[in-house]
Structures are given as C-alpha cells and as structure tokens.
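Reader: I should be grateful for a close look at one part of this model, namely the way in which its strands pair with one another. Please take the pairing step by step.

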Amino acid sequence: MKDKRFIEYSFPIKEVSEQGAKEKNIRHGHISTLHIWWARRPLATSRATNFASLIPAPNDKKEYENKKNFISDLSKWENSLNKEIIEKAREYILAANNEIPPKVLDPFGGGGAIPLEALRLGCEVYSNDYNPVAVLIQKCTLEFPQKYKDKKVKVKNNLGLYDEEPALIYDVEKWGNYVLEEAKKEIGKLYPNDEDGFIPVGYIWARTIPCQNPTCGAEIPLMRQFWLANKSNKKVSLYPYVEGKEVKFKIVGDGYEPMPDNFDPSKGTVSRAIATCSVCGGVVEANKTRELFREGKAKERLIAVVLHKEGEQGKRYRIATQKDFEIFKKAEKYLEEKRKKLIEEWGIDPVPDEPMNQNDPTTVAGRGYGFTTWGQLFNSRQKLALITFTEKVRNAYKEMINEGYDEEYAKAVVSYLGLAIDKIAVYSSTFGYWHNTRELVNPALGKQAIQMTWDYAETNSFGGNADFYSALNWIKRYLEHFTKIPVNKNKVEITHSSATNLPYSDNYFDAVFTDPPYYDNINYAELSDFFYVWLKRSIGDLYPDLFITPLVPKSQEIVANPSRQGNVKKAKQFFEDMLKKSFQEIYRVLKPDGITVIVYAHKSTEGWETLVNSLLDSGLVITAAYPLDTEMMNKVKAHGTASLASSIYIVARKIEKEEVGFYNDVKEELKQYLNQKLDLLWKEGISGADFFISAIGSAIEVFGRYKSVIDYKGNVVRADKLLDDVREIVIDYAIKEILHNGFANQISDLTKFYILWRFNWQEARVHFDEARKLAQTIGINLEEEWNKGFIKKEKEFVRLLSADKRKIDEIKPKDLIDVLHLTLKLWEKSKTEELIKLLSETGYGKSDVFFRVAQAISECLPLDSKEKKLIDGFLTGKERIVKQVSSAESSKLRYISVDDLLKDLGGD
C-alpha cells in the first residue's frame, strides 16, 4: 500500500455519528425530500467518509488534530453549502491526487446520497443501479441539476427589472403549476369546499365486512381505533353507536359533544384481522376476514371529513353527508369515462393493471387479502386524480416542445413532475392512515413494506398536507439547495446495469464508495413497483430503456428473498454468490491500490456471514472499519425486536494479499488486535449490538489479509468459524467491562447470559438463532432453559423477562439472577422481612458480587426501563439492607427455608 489514507489511520466517530443521527430530522432541501428511497445513508457520514478516504494519513499529531476537526466541521449540515469549507475540502483532495479530480463510483447508487457527496467534494462521479426507479431518482438528484445548473432565465421582479434565476427551478415550478391548474380545472370540483369556506383536506374511510352471525349480518366498519385528534390539548374522536342493525358515528370530544363515559377511542373493531361486530358482539376470525376480502365481500365506507380554513389554526371534523357520497359517485363515473378515453390514446390502461407479487410478504398482496394488481391500492377518486395528473404531465412535455424547448431539457423538467406524482401517490392510496397526534395523512410505505390498513385517510389533491402543490414545493427546495453547491464542472454519469456486470473497463476508478443491499432487509424491487407503474405512465415514453419491462426487473436483484429464490437456504446462497460477484467487479474496476468504502448494517450474524465470505472471496483487503450512528434513537427504540443504531463502514484496498495463514496463528493475532480495537470502541461509547457488530468489522481486517486461512487439517476456515471466534472474544471482553473486572468467574453462566443480553439488546426480543449463538458461546443450551424461568420463546423469537414482567410465585431462586428478580419484586411490594430472609438464606445479602451484578444490569438498560427503576430504587437502600441482613444473622433469628418462603408467597 503506497499511501495510507486518513480513514485507514483514524476517524472522528463520535463527531460524525452525532451529525449523521441529527440529519434524520432535517427536511427542507434534503435529498430525502425529493423522492422515497429506502435506507439512504446520511449525507454527513457519506461526505465525511468519502473525504477521509481521499486524503492522506496525517504525518504528525498536530496534522491529525487539524484534519480531524476539519472532517467534523465538514460533516455538519449547516456547512454543506459553505463555500470556504467545500473549496478547502476539494483542494485537499486534488493535492492528494496530482491535481486531477478522482474518478469515483457507486455501483449501488440507490437514492444517490453517497455519489451526491462525492460530487460535492469535486470528484468525477459515476453512479449505477439495477433498479430503474433508482436510476431515475439519481438522474434528478445528480445529473440534471449538475447539467443545467448554469442555465439561467430572466424573470421580471417587483421593480420591473429582470433578475437571473436558475432555469431548472423556474421551469419545474412553471410547468408544475401548469399541471396543477389544468388538473384543477378538470377535477377540482370533486373536492368542493364547505359552504362556510372550510376546505376538505382529508376523508376518513373504513373498510367493511359483513358480520358472519347468521342472525345479524350487519356491516362491520373495520377501524383500528377511533381517535381523530389525540393531543395533550385536543381530544377528538369518532364515536360509534348502533341504530337497529346499523353502526353510525358522531364526533365527540373537545369542541363537540362530550366524550361518553367508559368509551375508550383507542379500542377499535379490528386487531390482527380479528373483527368484532358492534351490533351483536360476534367475532370474525382472522382467516375468515381475509377470505371475505378475497371473495370481494369487503367494501369501504366514507365516515368523516377533515376540514381546514385558511388563516385559522387546527383542523375541524364532521361526519360525511349524503352530498359527500354523491360527489364520490360522480368521481367513480367520471373515472370510467376518462379511463376508456386514455386507453384509446395511450394504448395502456392509465390505472396500473400490472400484477402484484402474491408471494411477497413485504406488500399487502402477500398477506392474503385478495389484492392482485397495483391499481387496487387506490380508491376511485384517488385513481382519477392520479391519472389526471399523469395526463397533464404528458401534455406539459408536448407543450414545452411546441414552445421550442430543447428536448433533453424538457425531459429533465417533466422528470421532476413525474416524481411529484409519485410523491402524491404514496399519500393518495388506501394504505395511508390518519395520524391522530399530528392531524395529517400519513403515507403508505412509511415503513419498508406496504402493510394492511383497515381505516385509511384520503387526501385532497388540491389542498392538504400532501397535495400536488406541496409535492412541487419539496422538489423545488431540494433544487434550490443543490444549485447553491459551489460550481463543480466535473462529469456525472448515471448508468443502469447489474452491479455484477459493470459497464466500465478494468482499473478505471480511484475509489468506490457504496452501500450494498443488506441481505433480506429490504425488497427494493417489489416495493419500488409502486412507483414504477406510475412513472411508466407519466414519463416512461421519454425513457424507453428504463421502462421497457412490465415491472421493475428482479431476476438479478441482490437480495435474499426466499419467496423468489425457493427457500431460505437457496436465498442465502444466491445473495452470497451475487454479492461476491459485485465485490469482484469492484476489485476489477478499481485501479491498483485503489480504495473502497463499503457500508453494511445488517443485525443478524447470518447476514454478516454472507458479507464476510463475499469480501474474503473478492480479492479486496480490508484495512479499517468504523461504526457510525445513522439512525434517530427514537426510531431504534420503537422497534420491538433488536435493532442497530449504527452502520459499519468497511475500508478496503485493491492490494496484494498475504499468503495462506494458519488458523492457530491467525486466531492469536485476531485476539490481540481485536482487544486493542475493542478498547477504542468502548472508549468511543459504542455499546450493545453495535459493539458486537463493530467487532466483526475489525476482525475481518485481520482475517482478510490472507489469501485463505486453513486449519491444521488443511480445511479452509470460513466466516462462520471467524464469527464464532469473534463472538467469544467480544463476550469475554464485554462481560469484564460491564462488571468492571474482577468477578466474572464468580457468577453463573445464566447470570452472564442475562447481563450480556441486556447489554446487547436491552429489552428487545431477538431471533432465535441469534439468541442461540450468544447462549452457546457462554455454554448454555437455550432449548433446555426456555420457558422454565426468565427465558421465553415467542414463535421464532426469544425474549428475556425482566423482573417487573415475572410473577412473584413463579420465581425459583436457584440462580443469582432469579434471586435478584425475586428481591426486586419483594422490594417493590415493601415486603422487607421476606426480602431480608431471602438475602440471608441465599447468602447474597452481604455479597458484593450480587449488588455489582444489579448495578451492571442497571447500566445496560434505558432510562425509562421499569426494571432499571426497580434496581436503582433497591440499590439506594443497599447499606441499610446489608446492615439489616447482618443484624438479623447476628441476633440468630429463625429463618424459614427458601422453599417455605415461596409457599408463604403463594408458590409451589
């Protein structure tokens, strides 16, 4: 390696992580507001890691501190347009690259965050993706703003003088308004204002099914809950009541009728597809609910209208009227007329009739409710609005050409209008819902899936939180931000191909920065079909190469998808083979000694096994790895299962590997190196699952230096064995640090398991295989332990019960952790005498180890954990408890046995 880079020497993990986590809250002008794309990397971490990979390592401590501080400043959002800082960063990069802008590639460009930051840093940027939706997003993110940023238009100001404005922003706004006004002329009447001037900004709908009680047969409105506004200062709800065999509604709460006593708006009529009839109380089981949907017996009903008045604060609500139903019927009728007309003109159904994958679990089609085409995700008025906007976008392009616009420039302008349709489509489906704390429509695809919704919110396409005007405004804000980036005349090229077969020659790139797919985390192709079907209709004719297939191509998508690849084993093998090919392509196109940074964030060991094996087989040599926070903490906390707050940034080079390594030697080398790295990670405050996963990144620095590693029998050692070793080393290190050294050998394996679980995953449930591997490393057979005490199996997951979740009469205090849990339960109930007896009988009352274990568990838990609060409360009285135990023993009080104590408490 001829010149070590800064990122291979060190990196300001804390400072950049802080900026990366903050960025999730930034909206105006941010790349994420242009179009949905899943798991985009933060611009802060992308900018900082790109830069640190393109400048040399420091020569001394002073230079290190200066560059470290500069990288920290560079990563801040408020400095993303700072001309002085950006120009200085470019100068550093040019100086390190013989004054030639480095050629940089992202073979998995996705939403374009990483290549955008390479462009900002003055590089010659190439970005690629297999998914045509991603390619189009990148063209709008990178290519068009760069290509037309110097194109200006003269606009008359308020003084009658002419100012120059960026033409792209001006024309996107001009032609977006053309689309908006033309659509409003045609269908605006289908969203009429109320007579008092209030504007309908949303419509609350419920899907319905017939009650299956033969003596009832009433229509059941399927509603997950009834809240319309659930804020600290505003409580408004729908209230269902029965007249005859009909469920009716009225508005209750602040500003309306009083909320009835004993009415809980959070309890709806359906949960997990199990529906309850409000008329007779009959229950429709989940499978029957799905069957009714598949048979076409499920309907939908307009329940309420959300209103807003310009110049006034807040929202008002009213129950839907006969007039509202009649207007919707008009929309249904006009949809059929317009649909026939456009089929004749376009030669394609304007409402997407492409099939949804019935086997895909990430879309509603795979959940057994009978949704079979993409058009079925929208009600009639939503379909009408979307095909009308689509038609107007197509007309806008024709008008631009008639007015003499350059074809390529006109294509760029209407591409943004196509994205605007996507933005309203995601809010204008029957899978968006009313967010009752924010009082606005929440979009479908809010998560990395299209989930079933029972009640949904329809937006007003011409007034509301997600109308066409607001979609245009978000796009305009992004373009305003991008065009303020200091001028960079370097090339930007977006390509459409598989990352396993890149359209570039050997030894072409100075660097490759990329964020490959994470095993089975996201089914990009299935989800992006949602957008593909609308883009194909709005601007597909302008991109025949991108929109040539009926749906997003999937055969070469690098994802572990058992429903597509046959089974879990085949899916894993497919993913590993394809990822290896993509890494081999990175190796091929990199110049000798070229550098790559690969981001990875899968939480399961299985996902990491495939990554590590793929990297080991690629020829790339790992030279560094860093964990960087990329998620908002409240988002991580919201998961019911274990989640990562960090992504691991793996640095590698195209350099010669060392010859074969012998396993025993490599393992010893791994242990020494890993302990040094673990010290650094611990000091940086990396904890939990991130600590374990970060250790994997560091471990492959050692393992990956060799062409292969073999054991004494000549067998090649692969990732599964490496990860077992890493887990063993990390667990040994972590338990000593958590317990502050000195007594790890004085506690049982079960207690160690409990402590490490709380450190690693806190109170989350974990997939069985991950839990098994942790238990196995400590020496516990998980299958022999679950459902006997605090270890509980929940289908394919495992959860550890905290003290507050255990029943006092079911705790058998045979292990330290069980004694601690029983102690906490007794302390909570103020049963001091029983508590002292327990601690004296078990010998833990005067055991420093017992109290230190309690303290260690507390330190692993979040502040709002009930178990933490119990432990902290108990520990505040530690000195008094120890004295009471000593006093009781010295006065030789008679104690009953632990078994007798349990009987007194109501146990066996």
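Author: Two strands are said to pair if DSSP finds at least two bridges between them. In this predicted model, strand S7 and strand S8 (residues 234-243) meet that definition, for they are joined in the antiparallel sense over four bridges. One of the residue pairs can be named: Asn230 has Lys235 in S8 as its bridge partner.

This pairing belongs to a wider arrangement. Three strands, in the order S7-S8-S9, make up an open sheet whose pairing is antiparallel. Its edges are formed by S7 (227-231) and S9 (246-253), each of which pairs on one side only. From one strand to the next, the twist averages 25°.

A further set of pairings lies later in the chain and involves strand S27 (residues 797-800). Strand S26 (residues 791-794) runs antiparallel to S27, and four bridges connect the two. Within this pairing, Lys793 is placed opposite Val798 of S27. S26 and S27 together form a hairpin, with two residues between the strands. Lys795 lies in that turn and has a positive phi of about 55°.

S27 also has strand S25 (residues 766-767) as a partner, again in the antiparallel sense, here over two bridges. In this case His767 stands opposite Phe797 of S27. S27 is thus paired with S26 over four bridges and with S25 over two bridges.

Key: Residues numbered from 1 in each chain as written. Predicted model: local features only at pLDDT ≥ 70, side-chain atom pairs only at ≥ 80, totals over all residues. Heavy atoms only, no water. Axes fitted to C-alpha atoms, helices over the stretch in contact; angles between N-to-C directions.
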